[in-house]
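Okay, thanks for coming, everybody. I'll put the structure up and then talk you through a few parts of it.

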Amino acid sequence: MPTIEDLHRDTTSAVAAPTPTNVATPAPPRAFTPRKKKKPWKSWLLFLLFAGPNVALLIVFTYKPLLQSLYYSTLQWNLGSASAIPVGLGNYVAWFNDPGTVRVVTVTLIFTVATVGGGMVIGLLFAVLLNRKLHGRGAARTVIVAPYVLSGVAVGLLWLFVFDPNFGITAALLDAIGVASPPWYNDPHWALVMVIIVYLWKNVGYVALIYLAALQSVPRDLLEAASLDGARPMRAFRNIVLPLLGPTTFFLSITTLLSSLQSFDIIQAMTKGGPLEGTTTMMYQIYQEGFQAGRAGYSSAVATILFAVLLVVTLIQMKYVEKRVHY
Amino acid sequence: MPTQTSTARRRKPLQLGGYLGLLLAIAVMILPLVWMFLAGFKERDEIYTVPIQWLPDSYDLSNYAAALAAVPFANFFLNSTITTVIGAGLKMLLGLTTAYAVVFLEFPFKKFVFGLVVFALLVPQQIVMIPNFTLVASLGWINTYQGIIVPGLASAFGTFLFRQHFLTLPISILEAAALDGASHWTRLWRFIVPISAPTIAAVALISIVSEWNEYLWPLLVVDRSDMMTLPVGLTLLQNNDGVTNWGVLMAGTVLVTVPVLIAFFALQKRIIAGLTAGGVTG
């Protein structure tokens, strides 16, 4: 080895210190070239055979359309139409100047914060509950997770009946305590609350499950040591368990944010973005503009904005949280 | 410092609170489902009544018959089954081969390729749906199985999970396989897949569930009722004449949810393992 390195250093005088990999290429000792050279070639080909189809599908149906969407956002173009007018940033300007945009952004923010934040808090509560040595906790876990595997459309429809202001369960329960049912169907604010509740009901089991798995990996003796030290349960939880859950919280914050921002089924089944666009999130607006109104260019602009926000938020989460989380 | 007795005294009410919490959680999760089941058996006058009537007068199947007569449920079921089986099956195959390549094969841009696969997880479906819809339409794939299946076929999450798993496999098994002179294809199917069965089953169940429930894309590329999948077709029961017929709609909803619920209760260990796999490795 030293001799080859020396040789190499001599011929390419000013080049940085060679690593074993760039040694092999310029000075090929003939003795072992045939084997070593033939193998990587075969391996590369195999790699392409094994990974190629999947990567090709991703390029055709994810990355290429991502760029196309970027391009479409600069067009005034109706879905299905053969002609399009380039408008530069016109769609973006129109979106930012639209009086309805403030409402759409507000609805998106409320929906996202409530479903992500609410989901994590309730999910953690459920997980703590399920982690205790109570009879029937296995059955409870099953029941809590079950809605997560159901179709969002079916869940939306069955809850629509639960929320029926005259003949639903919520009306009956509220009536029992002497309160009239809110107009879930007709009031934009109550409709948003309704959609958030249903989203939480369907998805909270997943969060609970992930937190439960993390809680079960917290060493028991750590908690016992804390209780011997006289730490009260709440404080032991806050000071010992919560920091240990950091990586899990980080993971959940990203995955639940992504799925919350993409949620469509429940809104479509329950409110179709209404009433008075009170449940129109940005995601729903993208669908509506693109496929109901047919304004494909405008829809693509909203999609691009949302994707940019998503990317920035995810990157910030990764940067910021990684520093604070103890791995 | 608390004495033995004080902790014991504290445990009793805590335990009781725990059971109350558990009961409340179960009630909230289960009541809407029970409400759906019962409504499937109710006649109009049992539904439109105040105070609400919990139990139906009789358990006849007239709402189910009405739902089956109103929309082609058999087609929905068949379409959902076909797209789920083919879609999830191919997705698993792509995930396994890609993960194998990334872990066991040499390639100069391996890291880049894996990055490309994982970054796709950050691209929401809604952002690519207009270009994909245009492409599928230009291929003449509207109202076809390939139109429903192919655009969502690539495996990103599965590849990620399989890679994590493959990295934990004992090298000795693979060395033995290599000494045997087995090709990479044989190594994957004869050695890697059998010892990874639990992980594969878990991931397979998760992709089956998500294919089965997929809604937005099939909604866009199918407009003929005989090609609709269950979630898309179910909404046809929703607005027949402006007034929702809850009994029939809930019967339809039962038909969509019950197969999944049964599968979930039967296979919950594996499904839960699949759901947690992402969280633990992440």
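I'll go through chain A, then the contact between the chains, then some helix crossings, and I'll end on a loop.

Just so we're clear, this is a predicted model. So let's start with chain A. It has 15 helices and two strands. There are 327 residues in that chain, and buried ones make up 36% of them. If you look at chain A contacts with a separation of 6 or more, 65% of them are between residues 24 or more positions apart.

Now, the annotations. UniProt, in an unreviewed entry, lists "transmembrane region" for several stretches of chain A, among them 44-63 and 190-215. What does the model do there? Residues 44-63 of chain A are 100% helix and 0% strand, and the end C-alpha atoms lie 23 Å apart. Residues 190-215 of chain A are also 100% helix, with 0% strand, and there the end C-alpha atoms lie 35 Å apart.

Chain B gets the "transmembrane region" label too, again from an unreviewed UniProt entry, and the stretches include 188-209 and 246-267. For 188-209 of chain B, we get 95% helix and 0% strand, with the end C-alpha atoms 25 Å apart. For 246-267 of chain B, it's 100% helix and 0% strand, and the ends are 31 Å apart by C-alpha.

Okay, on to where the chains meet. How many residues does each chain put into the contact? Chain B gives 77 residues and chain A gives 73. On the chain B side, the elements giving two or more residues include α1 (4-39), α4 (73-104), α11 (197-213) and α14 (246-281). The largest share of that side comes from α14(B), with 17 residues. By residue type, the chain B side splits into 56 nonpolar, 20 polar and one charged.

Let's stay with α4(B), and look at how it packs inside its own chain. Its axis and that of α8 (residues 157-166) of chain B come within 8 Å and cross at roughly 45°. That angle is why α4(B) counts as oblique to α8(B). The crossing is right-handed. Among the residues making this contact are B:Gly95, B:Leu96 and B:Ala99 from α4(B), and B:Gly158, B:Phe162 and B:Arg163 from α8(B). Taken together, the contact residues are eight nonpolar, four polar and two charged.

The other partner I want to show you is α11(B). Here the axes of α4(B) and α11(B) come within 9 Å and cross at roughly 140°. That makes this pair oblique as well, and α4(B) passes α11(B) in a right-handed crossing. The α4(B) residues here include B:Ser80, B:Gly87 and B:Lys91, and they meet a set in α11(B) that includes B:Ala204, B:Glu211 and B:Trp212. The split for this contact is six nonpolar, five polar and two charged.

Last stop, back in chain A: the loop between α13 (265-270) and α14 (282-292), where A:Pro275 sits. The peptide bond from A:Gly274 to A:Pro275 is cis, with omega near -10°. A:Lys272 is in that loop too, and its phi is near 50°, which is positive for a residue other than glycine. A:Glu277, also in the loop between α13 and α14, has a positive phi as well, near 60°.

Are those two residues buried or exposed? A:Lys272 has 15 other C-beta atoms within 10 Å, so it's partly exposed. A:Glu277 has 17 such neighbours inside 10 Å, so it counts as partly exposed too.

Conventions: Residues are numbered from 1 along each chain as its sequence is written. Chains are lettered from A and ligands numbered from 1 in the order in which they are written. This is a predicted model: local features need pLDDT of at least 70, side-chain atom pairs count only at pLDDT 80 or more; totals for chains, interfaces and linings use all residues. Helices (H or I, at least four residues) and strands (E, at least two) are DSSP runs, numbered from the N terminus. A residue is buried if 20 or more other C-beta atoms lie within 10 Å of its own, exposed if 12 or fewer, and partly exposed in between; C-beta atoms are placed from the backbone. Two residues are in contact if their C-beta atoms, placed from the backbone, lie within 7 Å. Ala, Val, Leu, Ile, Met, Phe, Trp, Tyr, Cys and Pro count as nonpolar, Asp, Glu, Lys and Arg as charged, and the others, Gly among them, as polar. UniProt positions are given in the numbering used here, feature names are shortened, and annotations may be inferred rather than shown by experiment. Axes are lines fitted to C-alpha atoms, for helices over the stretch in contact, and angles run from 0 to 180 degrees between N-to-C directions. Angles under 35 degrees count as roughly parallel, over 145 as roughly antiparallel, 65 to 115 as roughly perpendicular and the rest as oblique. A crossing is left-handed if the near helix is turned anticlockwise from the far one by less than a right angle, and right-handed if clockwise.
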